Amino acid sequence: MASVCFYFQIHQPLRLRRYSVFDRSGEYFDDQRNREICQRIAQRCYLPANQVITELIHRYQGRFRVTYSLSGVIIEQLQRFAPDALESFRKLAATGAVEFLSETYYHSLAFLYSREEFLEQVRLHRRLMENLFGQTPRAFRNTELIYSNEVARAAAALGYRVVLCEGADHLLGYRSPTYLYTPPDGIPVKLLLKNYRLSDDIAFRFGNRNWSEWPLTADKFAQWIDRVNGHGYVVNLFMDYETFGEHQRAETGIFDFLRCLPEYVLASGQNDFRTVSEAAAAYEASGEYDVPYMLSWADTERDLSAWLGNAMQSSALHELYGLEEAVKRTGDPVLLRDWRMLQSSDHFYYMCTKYSADGVVHKYFNPYDSPYDSFINFMNVLDHLRSRLGLGAPSAAGR
Amino acid sequence: MKVLMLGWEFPPFISGGLGTACYGLTRGLDQLGAEIVFLLPRPIEPPHAGHVELVAPGTGRKGGASAYGMPGKFRHVQFRALDAILVPYVSPGEEEEGAEAGVAGGRRRRGVRVVGKEQWAGPGSPYQGDLFYETQRYAALACEIAGEEPFDVIHAHDWMTYLAGIAVADLTGKPLVVHVHSTEFDRSGIHVNQRIYDIERAGMHRAHRVIAVSHLTRSVIIQHYGVDPRKVEVVYNAIDDDGLTESRPLPPIRHDEKIVLFLGRITMQKGPEYFLAAAKRVLEVMDNVRFIMAGSGDMTRRMINLAQEMGIGHKVLFTGFLRGEDVRRVFRMADLYVMPSVSEPFGIAPLEALANDVPVLISKQSGVSEILTHALKVDFWDVDEMANKILAVLRHPPLQATLRSHGSIEVRRLSWLDAARNCLKVYEAAVAAAR
């Protein structure tokens with residue numbers, strides 16, 4: 001038996017507007033651009049993909065099952081800009097065949113900078129999932145699959161029994177991401193590891209005509225899944241939901257692929273679909289996955305270098321989280337929300353100066369021409385936020 | 001491949017980026033084994049002390065030409081200086097004094113010396129002397145040399161040598177490549193000198209291939225000169241690797257103030273007034289900043305007055321034209337180099353700044369912005385955004401550090417050898433086109 005676990009990430013940040021050092025406005029976000037992008041993605045991806053998923057759930061009477069994770073930031077935007085897309089997620093939740101994960105509300109890197117802020121954001125997000133989708137998440141994924149043993153420990157303390165992370169070659173060695181693992185030290189969670197080869201076949205390579213396996217048919221992919229049968233329990237296909245219709249345009253046939261896949265997967269009777277918590281409940285862990293250093297699903301490095309790879313990024317993050325106490329002391333909900341919206345990992349991703357094979361991925365919905373522009377813009381906004389707190393520029397700012 | 005190269009400046013006789021480019025390109029071609037006869041106008045002044053040694057010719061003087069070799073630096077290059085006097089730009093520092101002193105036998109208008117029977121360099125033009133006559137003379141002498149030397153292709157740099165290029169091509173039937181380092185539109189804005197334009201156009205149309213120093217220049221060539229896009233290739237300039245490998249950047253010179261540097265000719269093309277306008281905006285936010293304008297040009301006096309009028313005269317330092325060690329010293333002091341050019345076909349100076357570990361802010365209206373990723377970019381007219389970016393560099397050391405570390409790596413990847421390889425490809429295409 002091999003279980004296919006689809007998990008789709010749904011997130012878009014609240015992008016900043018052009019904010020010069022001479023600006024004095026308290027309005028930081030580019031409403032128009034955020035509306036345009038949100039509505040475009042809803043049209044191209046969320047709505048048509050939800051439609052296909054809904055069809056499949058009904059056609060296979062619940063045997064087709066998927067997992068989603070929606071950040072609080074995208075949900076707020078859907079409420080404002082594309083309520084029909086949000087409604088379609090609620091309908092999916094009502095089918096009972098869909099699981100929703102926990103994550104940080106603001107899609108933040110808070111785990112790395114403030115454990116208190118991290119806990120508050122996870123709790124905020126959990127409450128949102130309960131209110132919106134009527135389910136309390138049982139599984140946790142940290143922003144961008146940023147993970148270490150410490151993340152597992154924190155998730156366990158919050159009551160989660162399943163955590164998602166990257167299946168990195170350098171940590172797995174000869175072992176396979178098709179098994180379930182546990183963290184060391186008896187931390188009571190099961191780990192589901194992203195099968196990056198099979199995930200990336202869909203997310204990154206599907207429409208690539210230079211790829212030796214192009215065209216990727218549902219039949220062929222189901223055969224690859226079937227090969228796991230007898231060599232593991234799970235095929236963890238973790239990817240951004242925008243894969244469907246945005247990164248892989250509708251013309252590539254990606255929706256048809258999705259529509260046809262369950263038929264081939266289920267045909268032999270040997271394989272099935274499960275949500276991540278269902279898979280964790282069904283299978284025992286086969287070994288220990290020890291991750292002492294931070295791991296992520298980004299770029300070839302699978303580390304934090306996409307958000308923390310240069311001095312600008314670490315400086316911006318450091319200065320942002322340095323304001324936590326002052327922001328919270330004000331008790332001002334508008335200020336708190338602005339500060340938290342600035343925490344979305346995307347703002348720091350845009351500052352990344354690694355230019356490599358992953359460069360294209362960094363350009364998805366990136367509003368800046370250069371990482372330097374993004375840093376300058378962010379720091380100008382942060383300066384203004386600091387002035388609202390009655391604070392001057394930090395000592396680091398070369399007086 | 002044997003190349004007859006027609007140039008007008010070469011280190012140490014150099015007034016701008018063209019000489020630097022010719023030097024780098026010639027060295028690259030030499031290293032790739034191309035044989036080059038480089039025709040130069042005879043310099044008016046004795047050479048400045050430089051790192052290139054000119055030695056007496058082995059061959060005799062014929063047709064008003066003297067031949068030179070440069071041992072050590074070049075293996076396959078022969079230099080010949082012709083008795084033509086071509087000085088496209090007024091020499092550094094001369095224009096300001098000259099404007100007041102006046103010179104017998106010539107008229108001066110707005111700092112431009114106009115000599116000869118015909119006034120053809122218009123008011124505000126950076127050219128001096130009767131260049132039109134000189135370019136014809138240069139062409140005649142080039143034809144004589146061309147008869148003595150076998151070669152496969154003619155490579156002419158900028159309009160001064162185009163008449164010579166055309167004449168030699170007509171005479172020998174060899175393919176002509178013209179290399180456009182700048183156009184009349186870059187130098188003069190909308191006040192185009194019709195005769196120069198006509199020469200440029202004739203050279204480009206007669207050429208079998210046209211080399212543009214950037215896509216920006218390529219589109220000017222296609223749109224303003226009506227040249228067939230299929231024969232216009234882009235070959236980017238690079239930076240002399242001597243400066244990078246032989247001497248590492250010196251440590252910065254410590255100082256209490258932040259220093260923002262403008263280095264280049266102070267002319268309309270370089271956008272000096274936008275630099276001052278941005279400086280004013282910066283000083284509204286931050287006080288301990290000094291703006292250095294290093295260079296000379298026909299707008300120097302106006303810029304000094306403008307800085308005074310803006311009330312920032314005490315914050316702006318005009319150094320005049322800097323050379324050699326002084327350039328390196330000013331780079332060592334600078335926190336940021338700004339090139340606000342209104343129109344810059346390429347712009348080698350930012351590469352020199354990066355090689356000296358100084359981050360750069362360049363106008364989007366420059367060819368060099370096409371190849372630099374790790375540079376700040378701004379529209380030259382967007383003074384507020386220019387100030388915004390200058391302030392960011394001065395206020396956020398991590399920004400400066402990131403620009404500097406990535407920029408110095410990026411600039412070291414640019415190689416004249418690659419530019420020379422691309423030139424060779426263009427030569428081959430020109431040879432094929434001429435058949």
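Helices and strands here are runs assigned by DSSP (H or I over at least four residues for a helix, E over at least two for a strand), and they are numbered from the N terminus. With that in hand, we can start in a loop: B:Ile348 is found between β14 (336-339) and α12 (349-355) of chain B. Keep in mind that this is a predicted model, in which local features need pLDDT of at least 70 and side-chain atom pairs count only at pLDDT 80 or more, while totals for chains, interfaces and linings use all residues. Residues are numbered from 1 along each chain as its sequence is written, and chains are lettered from A and ligands numbered from 1 in the order in which they are written.

**Two residues to look up**

Is B:Ile348 buried or exposed? A residue counts as buried if 20 or more other C-beta atoms lie within 10 Å of its own, exposed if 12 or fewer do, and partly exposed in between, with C-beta atoms placed from the backbone. B:Ile348 is buried, because 22 other C-beta atoms lie within 10 Å. Two residues are in contact if their C-beta atoms, again placed from the backbone, lie within 7 Å. Apart from neighbours within four places in sequence, B:Ile348 is in contact with B:Gly17, B:Thr20, B:Ala21, B:Asn237 and B:Ile239.

Now look at A:Leu172, which sits in helix α7 (residues 169-172) of chain A. A:Leu172 counts as partly exposed because it has 16 C-beta neighbours inside 10 Å. Leaving out residues up to four places away in sequence, A:Leu172 touches A:Gly167 and A:Pro177. The table sets out one residue pair for B:Ile348 and one for A:Leu172.

| Pair | Apart in sequence | C-alpha to C-alpha |
|---|---|---|
| B:Ile348 and B:Gly17 | 331 residues | 6.3 Å |
| A:Leu172 and A:Leu193 | 21 residues | 9.9 Å |

**Chain B**

Chain B has 15 helices and 16 strands. Of its 435 residues, 51% are buried. Among the contacts in chain B with a separation of 6 or more, 69% join residues 24 or more positions apart.

The domain bounds come from an automatic or database domain assignment. Chain B is divided into domain 1 (2-238 + 416-434) and domain 2 (242-412). Where these two domains meet, 24 residues come from domain 1 of chain B and 16 residues from domain 2 of chain B. On the domain 1 side, α1 (17-31), α2 (94-101), α5 and α7 of chain B each supply at least two residues.

Helix α7 (residues 215-225) of chain B is worth a closer look: B:Leu216, B:Thr217, B:Arg218, B:Val220, B:Ile221 and B:Tyr225 are buried. Among the elements covering these buried residues of α7(B) are β8 (176-180), α6 (194-206) and β10 (232-234) of chain B. Just after α7(B) comes B:Gly226, whose phi is positive, near 60 degrees.

**Chain A**

Which domains does chain A have? Its assignment gives domain 1 (2-288) and domain 2 (306-388). The centres of domain 1 and domain 2 of chain A, taken over C-alpha atoms, are 24 Å apart. In their contact, 26 residues of domain 1 of chain A meet 20 residues of domain 2 of chain A. On the domain 1 side, the elements giving two or more residues are α1 (31-59) and α4 (110-113) of chain A.

Helix α1(A) also packs against helix α2 (residues 72-81) of chain A, at an angle of about 90 degrees and with the axes 10 Å apart. That makes the two helices α1(A) and α2(A) roughly perpendicular. Axes are lines fitted to C-alpha atoms, for helices over the stretch in contact, and angles run from 0 to 180 degrees between N-to-C directions. Angles under 35 degrees count as roughly parallel, over 145 as roughly antiparallel, 65 to 115 as roughly perpendicular, and the rest as oblique. From α1(A), A:Asn34, A:Arg35, A:Cys38 and A:Gln39 meet A:Gln77, A:Leu78 and A:Phe81 of α2(A).

**Where the chains meet**

In the contact between the chains, 19 residues of chain B meet 16 residues of chain A. The chain B elements giving two or more residues to this side are α13 (383-395) and α14 (397-412). The largest share of that side, 8 residues, comes from α13(B).
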